[in-house]
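Visitor: I would like to learn how to read a model of this kind with some care. Could we take it feature by feature, with the general idea ahead of the case?

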Amino acid sequence: ITNYSMIIGAALLVVVLLAGSIVTSMITKPISSLTKVINDISELKLNSAQKIPVTHDEIGVMGHAVMGMREHLIKIVTELNQIAERLVGDANMLYTISERVNAASTDNSATNEELAASMEETSTSTEVVNDSIKGMNGNVVNVAEKINEGNELTTDLMVKTNEIYQH
């Protein structure tokens, strides 16, 4: 009986160890797979080929939750990429607009300088014209005096001519 008991004990020990190994594998394999998926997600490897284990226990529930989180992260990353592309486009458009504004500002500055120079020339010309008008006024006064003198002479001449003619 002793040998027989030892054989049965050894066989039971092998069966228990084999069953324990199978049960342990059934528990740790899904956890190991889920851990790989979680690690990939933590590194933002959202399109990883790792598969979530399909089990009907807590590991399966966690796996579905992780896959849901992965899908949400994919959507968020996609939206962020679209926003980044729009921001790059807007930044490029803003750069183009600022270049145009800078060019227009430079043109306006040159035009203002030309206008200032023209205004200065106009001011100088106006002063010259004003001085000429003052000189002309003086000449007009002289001419008016000469005309008055000529008028007086003409009047005297007519008086004398009438006197001579009457004599």
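Visitor: How much area does the protein chain expose, and what share of it do carbon and sulfur atoms supply?

Guide: Accessible areas come from the Shrake-Rupley method with a 1.4 Å probe, and for residues only the protein chains shown count as cover. Here the protein chain exposes about 14100 Å², of which carbon and sulfur atoms supply 63%. Bear in mind that this is a predicted model, in which local features need pLDDT of at least 70 and side-chain atom pairs count only at pLDDT 80 or more, while totals for chains, interfaces and linings use all residues. Residues are numbered from 1 along each chain as its sequence is written, and side-chain values use heavy atoms, with hydrogens and water left out.

Visitor: How many helices and strands are there in the protein chain?

Guide: Helices (H or I, at least four residues) and strands (E, at least two) are DSSP runs, numbered from the N terminus. The protein chain has two helices and zero strands. Its radius of gyration, taken over C-alpha atoms, is 56 Å, well over the 15 Å that the globule rule (2.2 Å times the number of residues to the power 0.38) gives for 167 residues, so the chain is more spread out than a compact globule. Along its principal axes, the C-alpha trace spans about 200 × 20 × 20 Å.

Visitor: What percentage of the 167 residues is buried?

Guide: Buried means under 20% relative accessible area, exposed over 50%, and partly exposed in between, with a 1.4 Å probe and protein chains only. Buried residues make up 8% of the 167 in this chain.

Visitor: Is histidine 64 buried or exposed?

Guide: Histidine 64, which is found in helix α2 (residues 58–166), is exposed, with a relative accessible area of 60%. Arginine 70 is also placed in helix α2, yet arginine 70 is buried, at a relative accessible area of 12%.

Visitor: Which residues does arginine 70 touch, not counting those up to four places away in sequence?

Guide: Contact means heavy atoms within 4.5 Å, and on that basis arginine 70 touches Ile41, Leu46, Ser48 and Gln50.

Visitor: Which side chain of opposite charge is nearest to aspartate 40?

Guide: Lys and Arg count as positive and Asp and Glu as negative, whereas His and the chain ends are not counted. A salt bridge is a side-chain nitrogen of Lys or Arg within 4 Å of a carboxyl oxygen of Asp or Glu. Aspartate 40, in helix α1 (residues 2–42), is buried yet has no salt bridge, the nearest side chain of opposite charge being lysine 45 at 4.6 Å. Leaving aside neighbours within four places in sequence, aspartate 40 is in contact with Lys45, Ser48 and Gln50.
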